[in-house]
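Here's a quick look at how two parts of one chain sit against each other. Have the structure open while you read.

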Amino acid sequence: MHHAALYIDGRFTADGPTAAIQEKATGAQLGTYSLGGADDVDRAVAAARAAQPGWAALSAPARSAALTRFADHLRSRYDELIELSMRETGGVRAKAEDEVSAALRQLAISAVEAIGSAGDILQPYKEGKLSLSRSVPLGVVGVITPWNYPLSLAMRAVAPSLAFGNTVVLKPGELTPLLGGQVLAEAADAAGLPPGVLNVVPGDGPQAGWALAEHRGLDLLDFTGSREVGLAIAASAAADLRPIRLELGGDNAFIVLDDADVEAAAACALIASLEFQGQTCISSSRHLVHRDAADRYLEAVVRRVEALRVGDPMRDDPDLGPLISRTQLNRVHEGIVQPSITAGAKLITGGTYEGLFYRPTVLTEVTPDMPAYTEEIFGPVVPITVVDSADQAIELANAHPMLMSSVFTGDLMRGMAVAERVKAGEVHINDAHARHGAENQQPGFTRRQWIGVQRGPLDLPAWTRP
Ligand code: NAD
């Protein structure tokens, strides 16, 4: 049985209240996690504050080497982490491999960036002067992460924070505190990071999460999660202009034009809408399909969807695993699929479930007033809306916040012209947008979902100040 403990100032403590962690496919208890509270967050922030000057004062190669040892430890546990990811998140093996390898790549990138440039030499304003701009760490960074890619989403913030001399307090999602918290704490410990450099406070959102979100001792709060919680954090931070960065959800569009190769588009639709059961922030939750391609596209999608196997990732080698929780399943089924059908959407396939296993679902005749269109679905649903022109597709797409989008067309230049007008951080032409890489993440990635300095291929400006 695993335990996700408090890891504060280099010490693991497991006393205090705890809650159970489930294996998502079976419901069996996988372990427990400590329910951190406001006092624990206070202690963690104080430890991070005390450790920060010493950590920042280390040479860049020393910090880089520590990140490499951190990665070495995770790599030595690769098979175990894949299994943990499958059990704790309910993702299939390929998803687990994506997640663990993305975290390792992020560490490798940050280890290199740690020894890169730390600023610029500026043009002198006056004769005889030398002007320098040197990037210095922000200080203490609070990181709050969700359950869908717990290791890689934590690493996306933790690795560059540490690389540039910041210290961190991490609050992982409560459904995945092992992969999202305990595993990082153990790696930090094994890598010999000084006490207080990385602190982990597992716990529930409204308690540990909120205590960290509104802590006055942070130099940056980096939050990845739902729009709803992000808005509450933004409102609280606005009161005294606390620095925050928000990576929230979106309602991403998948545009199929009349001249598209519908077989290729349908193959990509499976990745875009159904990867990890549709539970990713970049999932396509609106398919805007030109009328002339609609019947062919629907047939190609349904043929593929009906061939998908749903099951326990540890036993069945399925294409899709379970949804993360009963709450999430109810949200998808009762909050989105059923009311959309009642409002006139047509159920073509799926729409049924057993336990947490939801059959991948295709809905057509989806109109812009239905929940399957207005909501970020976060479930294995392909909702199809027919449009009459590229202009209409763009107008509909842009009416909702998007992180990523795709456009399918037989004419690359037409695709480029449409992509320029789609207001998403990334627009992929004739490809599934889930197939990007952290290394390629473009500034503007989460346009309209995001506040703060953007992350991009060069992380330095996001984690330092000049
Ligand atoms: P969530 O907002 O419920 O929880 C995210 C984190 O916030 C968890 O650690 C949770 O404990 C914490 N939290 C919950 N309530 C809180 C509160 N009141 N104060 C402070 N912290 C609180 O989101 P989720 O259900 O875990 O994740 C799904 C959402 O995350 C989706 O909307 C998805 O689009 C989004 N997401 C975004 C990205 C991105 O990069 N933009 C990546 C992954 C997921």
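Across the interface of domain 1 and domain 2, two residue pairs turn up in polar contact, both at pLDDT 80 or more. Keep in mind that this is a predicted model. On the domain 1 side, the elements that give two or more residues to the surface touching domain 2 are helix H3 (78–89) and helix H4 (93–113). H3 supplies the largest share of that side, with five residues. Sort the residues on this side by character and you get seven nonpolar, five polar and eight charged.

What about salt bridges? Between domain 1 and domain 2 the count is one. As for salt-bridge partners, Glu-23 pairs with Arg-315, and their closest N and O atoms are 3.8 Å apart.

Now step back to the domains themselves. The domain assignment splits the protein chain into domain 1 (2–248) and domain 2 (252–435). Here's what each one brings to the contact:

| Domain | Residues in the contact |
|---|---|
| Domain 1 | 20 residues |
| Domain 2 | 25 residues |

Taken over C-alpha atoms, the centres of the two domains are 31 Å apart.

How much area do domain 1 and domain 2 bury between them? The figure is about 1,600 Å², with 67% of it on carbon and sulfur atoms. Within domain 1, the residues that lose the most area to domain 2 are Ala-25, Val-92 and Trp-147. Together those three account for 29% of what the domain 1 side buries.

Key:
Residues are numbered from 1 along each chain as its sequence is written. This is a predicted model: local features need pLDDT of at least 70, side-chain atom pairs count only at pLDDT 80 or more; totals for chains, interfaces and linings use all residues. Side-chain values use heavy atoms; hydrogens and water are left out. Domain bounds come from an automatic or database domain assignment. Contact means heavy atoms within 4.5 Å. Buried area is the accessible area (1.4 Å probe) that two parts lose on being put together, summed over both. A salt bridge is a side-chain nitrogen of Lys or Arg within 4 Å of a carboxyl oxygen of Asp or Glu. A polar contact is a pair of N or O atoms within 3.5 Å; within protein, one must be able to donate a hydrogen and the other to accept it, and residues adjacent in sequence count only if both atoms are side-chain atoms. Helices (H or I, at least four residues) and strands (E, at least two) are DSSP runs, numbered from the N terminus. Ala, Val, Leu, Ile, Met, Phe, Trp, Tyr, Cys and Pro count as nonpolar, Asp, Glu, Lys and Arg as charged, and the others, Gly among them, as polar.
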